[in-house]
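Open the model in your viewer and keep the sequence panel beside it. The stops below say what to select and what to look for.

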Amino acid sequence: MRMAATVEEMRELGAELAALLRPGDLVVLSGPLGAGKTTLVQGIAEGLKVRGPITSPTFVIARVHPSLSGGPALVHVDAYRLGGGLEVDDLDLDASLEESVTVVEWGEGLVEGLADDRLEVSIGRSESGDPGEERTVALRGVGARWEGVV
């Protein structure tokens with residue numbers, strides 16, 4: 001469990017996570033509205049050195065950010081508006097999964113079938129919802145890929 005009290009700390013945590021990520025990785029983000037999921041993805045994008053800007057893809061559902069350094073592309077997905085697994089299938093995320101890092105906001109319960117291995121990131125915040133309050137970030141690796149990594 002990590003703590004992030006500021007936007008900068010959340011981005012720094014994302015950059016640290018990026019150092020662990022490689023092509024084929026699936027990262028599933030969960031947490032309430034305003035918890036910092038997109039901010040964490042901004043840090044991951046900075047760490048992966050992909051083309052930005054990184055904004056919430058709520059209305060476009062998914063964005064591909066190509067690498068600027070020869071590394072993997074970042075596929076950033078917001079599953080908030082998706083109605084279920086069939087709509088996830090329509091995105092055809094598995095077509096780019098092997099060569100990209102795929103990060104899915106609001107993906108819990110929807111995208112686990114895309115890969116046997118995944119990193120689940122749960123972001124929590126205090127009940128008051130004050131934007132300046134500290135967030136807790138819990139990482140859970142699923143599958144052989146993440147054994148001993150997180």
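Does Arg11 count as buried, partly exposed or exposed, and at what relative accessibility? Arg11 counts as partly exposed, because its relative accessibility is 28%, between the 20% and 50% cut-offs. Bear in mind throughout that this is a predicted model.

**Stop 1: Arg11**

Select Arg11, which lies in helix α1. Then show the residues around it, leaving out those within four places in sequence: Arg11 is in contact with Thr39, Gln42, Gly43 and Glu46. Add Lys37 to the selection. From C-alpha to C-alpha, Arg11 and Lys37 are 9.9 Å apart in space, with their positions 26 residues apart in sequence.

**Stop 2: Arg2 and Glu16**

Stay with helix α1 and select Glu16 together with Arg2. The two form a salt bridge, and their closest N and O atoms are 2.6 Å apart. This pair links distant parts of the chain, 14 residues apart: Arg2 is in strand β1 (residues 2-4), while Glu16 is in helix α1 (residues 7-20). Arg2 has a relative accessible area of 34%, so it is partly exposed. Glu16 also counts as partly exposed, at 41% relative accessibility. In total the structure holds 4 salt bridges.

**Stop 3: Asp25 and Arg145**

Next, select Asp25 and Arg145. Here too there is a salt bridge, with 2.8 Å between the closest N and O atoms. Because Asp25 sits in the loop between α1 and β2 and Arg145 in the segment after β7, the pair ties together parts that are 120 residues apart in sequence. Are Asp25 and Arg145 buried or exposed? Both are buried.

**Stop 4: strands β2, β6 and β7**

Now show three strands as a cartoon, starting with β2 (residues 26-30) and β6 (residues 118-125). These two pair in the parallel sense over 4 bridges. To find one of the matching positions, select Val27: its bridge partner in β6 is Leu119.

Add β7 (residues 135-142) to the view. In which sense does β7 pair with β6? The pairing is antiparallel, over 8 bridges. Select Val121 and look across to β7, where Leu139 stands opposite.

**Stop 5: the salt bridges of β6 and β7**

Keep β6 and β7 on screen and show the side chains of Glu120 and Arg140. They form a salt bridge whose closest N and O atoms are 2.5 Å apart. Glu120 lies in strand β6 and Arg140 in strand β7, so this pair ties together parts that are 20 residues apart in sequence. Arg140 is partly exposed, because its relative accessible area is 48%. Add Arg118 to the selection: Arg118, Glu120 and Arg140 are linked in a network of salt bridges.

**Stop 6: His65**

Finish at His65, in strand β3 (residues 62-65). With a relative accessible area of 5%, His65 is buried, because buried means under 20%. Which residues is His65 in contact with, leaving aside its neighbours within four places in sequence? They are Val50, Arg51, Gly52, Pro53, Ile54, Ala73, Leu74 and His76. Zoom in on Arg51 in that list: its backbone oxygen lies 2.8 Å from a polar atom of the His65 side chain.

Key
Residues are numbered from 1 along each chain as its sequence is written. This is a predicted model: local features need pLDDT of at least 70, side-chain atom pairs count only at pLDDT 80 or more; totals for chains, interfaces and linings use all residues. Side-chain values use heavy atoms; hydrogens and water are left out. Two strands pair if DSSP finds at least two bridges between them. Buried means under 20% relative accessible area, exposed over 50%, partly exposed in between (1.4 Å probe, protein chains only). A polar contact is a pair of N or O atoms within 3.5 Å; within protein, one must be able to donate a hydrogen and the other to accept it, and residues adjacent in sequence count only if both atoms are side-chain atoms. Contact means heavy atoms within 4.5 Å.
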